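Grab a coffee and open the viewer. Try each exercise on your own before you read the solution below it.

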Amino acid sequence: MKWINLSALFLASIIAVPAQADSLADSAANPATNPEADRQALRNLYQQKFPNIGLADFKDGVYAIDAKMREQWLELEDFPPYEIAIDEGEELYNTPFANGKSYADCFGDDPGIKHNYPLFDQARGGVVTLEIAINECREENGEAALPWLVGELAQISAYMAYNSRGKNFDIKIDSPEAVAAYADGKQFYYTRRGQMNFECGSCHQQKVGQMLRAERTSPSLGHATQWPVYRGRWQYVGNIQKRFQECNIQVRAVPFEAQSEEYRNLEYFLTYMSNGMELNGPGSRR
Ligand code: HEC
């Protein structure tokens, strides 16, 4: 854990912050959870921290707040490393299942539906991510489910994200059960965990924009917009729950299973925070 030694100063400064001074944590335990008020408060938080950056620009993640990194990123976008994944995803998406049906029979003619996910399914009483919907479509048609985090599922999701580009996130929370799932995800976000005893907001809200070794921590507003992502470090596209695992591991906490209830609710909360923002996935990251 060399990273942690090198970042000792940074980490110490987080620990020194009075508990959750600068986050929305206090309302996490409030039974009168109000997702829309939370979303507004989060926007206000970043508007105050970065008064010169337009709220819509946070869709670009860390590249919204670091001009030099933005420049490098825009250069990379001339020949984006995720392009192959989109092509492969398109081919997978359009290859009929053994029974002759296809994804279009599940999702309709337009594969650009990623901005509606995750959604809360009232009948089953839980959050459904796009990855779950894709795998369920496969299983309903007699095909095996694909591994969650990388590979073909991430490629299909990259193709669907590409077709959703320019659409605004439209996550709905419209029942008490959906609010409860959201509140659970929010609680997760603001719960300190791991040997380092950090919450997600420690790095992404309280200390947003600070350097952590070679990385600058990005705002959580816009954290959902660009998935799946091609990461130089991974050398392939992966989805957001892979990043959740990595951020858990960074603070020496035990990561949860992909598509566990914990991560589904976390993704529901975090995506709702990006509601109304433009989807611009798939993305590329260092
Ligand atoms: C110790 C600091 C730290 C903590 C705590 C932390 N992260 Fe991160 N996170 C990072 C760093 C560093 C990156 C990579 C640079 C960046 O922020 O984009 C990152 C990246 C991310 C990204 C990708 C952003 C993008 O645009 O590519 C997401 C999403 C994310 N974190 C979510 C979380 C969640 C959810 C939690 C809580 C479970 C969490 N993080 C906790 C440091 C942290």
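Below are six exercises on this structure, which is a predicted model.

**Exercise 1. Getting your bearings**

Task: Find how many helices and strands the protein has, and what percentage of its residues count as buried.

Solution. Start with the secondary structure: there are 12 helices and 7 strands. Next, burial: out of 286 residues, 40% count as buried. Finally, look at the contacts between residues with a separation of 6 or more: 74% of them involve residues 24 or more positions apart.

**Exercise 2. Helix 9 and its surroundings**

Task: Work out how far helix 9 reaches, which of its residues are buried, and what those residues pack against.

Solution. Step one is the span. Helix 9 covers residues 176–189, and its 14 residues reach 20 Å from first C-alpha to last, close to the 20 Å expected at 1.5 Å a residue.

Step two is burial. The buried residues in helix 9 are A178, A181, Y182, A183, D184, G185, K186, F188 and Y189. Notice that D184 and K186 are on that list too.

Step three is the neighbours. The buried residues of helix 9 pack against three helices, namely helix 3 (35–49), helix 10 (200–206) and helix 12 (261–273). They also pack against strand 1 (119–121) and strand 2 (126–128).

**Exercise 3. Two helix crossings**

Task: For helix 9 with helix 12, and for helix 5 with helix 8, say at what angle the helices cross and which residues make the contact.

Solution. Take helix 9 and helix 12 to begin with. Their axes are 7 Å apart and the packing angle is about 90 degrees. Angles of 65 to 115 degrees count as roughly perpendicular, so helix 9 is roughly perpendicular to helix 12. On the helix 9 side, A181, Y182, D184, G185, K186, F188 and Y189 make the contact. Their partners in helix 12 are E262, N265, L266, Y268, F269, L270 and Y272. Sorted by class, that contact of helix 9 with helix 12 comes to 9 nonpolar, 2 polar and 3 charged residues.

Now helix 5 (residues 83–94) and helix 8 (residues 152–164). Here the axes come within 7 Å and cross at roughly 95 degrees. Helix 5 and helix 8 are therefore roughly perpendicular as well. Helix 5 brings A85, I86, E88, G89, E90, L92 and Y93 to the contact, while helix 8 brings E152, A154, Q155, I156, A158, Y159 and Y162. The class count for helix 5 with helix 8 is 9 nonpolar, 2 polar and 3 charged residues.

**Exercise 4. Around the ligand**

Task: Find which residues come nearest to the ligand and which helix supplies the largest share of the shell.

Solution. There are 22 residues around the ligand, and the ones that come nearest are G61, C200, C203, S218 and C247. Then ask where the shell comes from. Helix 10 and helix 11 (240–250) each supply at least two of its residues. Helix 11 has the largest share, with 6 residues. Last, sort the shell by class: 11 residues are nonpolar, 8 are polar and 3 are charged.

**Exercise 5. Odd backbone spots**

Task: Locate two cis peptide bonds and two non-glycine residues with a positive phi, and say which loops hold them.

Solution. Go for the prolines. Y117 and P118 are joined by a cis peptide bond with omega about 0 degrees, and P118 lies in the loop between helix 6 (103–107) and strand 1. W227 and P228 are joined by another cis bond, with omega about -5 degrees, and P228 sits in the loop between strand 4 (215–216) and strand 5 (229–231).

Now phi. R213 has a positive phi of about 55 degrees and belongs to the loop between strand 3 (211–212) and strand 4. R213 counts as exposed because it has 11 C-beta neighbours inside 10 Å, and the cut-off for exposed is 12 or fewer. R252 has a positive phi of about 60 degrees and is found in the loop between helix 11 and helix 12. With 14 other C-beta atoms within 10 Å, R252 is partly exposed.

**Exercise 6. A proline with distant partners**

Task: Describe where P81 lies and what it touches.

Solution. P81 is in the loop between helix 4 (67–76) and helix 5. It has 18 other C-beta atoms within 10 Å, so P81 is partly exposed. Leaving out residues up to four places away in sequence, P81 touches L76, Y230 and S284. For G232, check the C-alpha atoms: P81 and G232 are 8.6 Å apart in space, yet 151 residues apart in sequence.

Note on methods: Residues are numbered from 1 along each chain as its sequence is written. This is a predicted model: local features need pLDDT of at least 70, side-chain atom pairs count only at pLDDT 80 or more; totals for chains, interfaces and linings use all residues. Helices (H or I, at least four residues) and strands (E, at least two) are DSSP runs, numbered from the N terminus. The expected span of a helix is 1.5 Å times one less than its number of residues. A residue is buried if 20 or more other C-beta atoms lie within 10 Å of its own, exposed if 12 or fewer, and partly exposed in between; C-beta atoms are placed from the backbone. Two residues are in contact if their C-beta atoms, placed from the backbone, lie within 7 Å. A residue is near a molecule or strand if its C-beta atom, placed from the backbone, lies within 6 Å of it. Ala, Val, Leu, Ile, Met, Phe, Trp, Tyr, Cys and Pro count as nonpolar, Asp, Glu, Lys and Arg as charged, and the others, Gly among them, as polar. Axes are lines fitted to C-alpha atoms, for helices over the stretch in contact, and angles run from 0 to 180 degrees between N-to-C directions. Angles under 35 degrees count as roughly parallel, over 145 as roughly antiparallel, 65 to 115 as roughly perpendicular and the rest as oblique.
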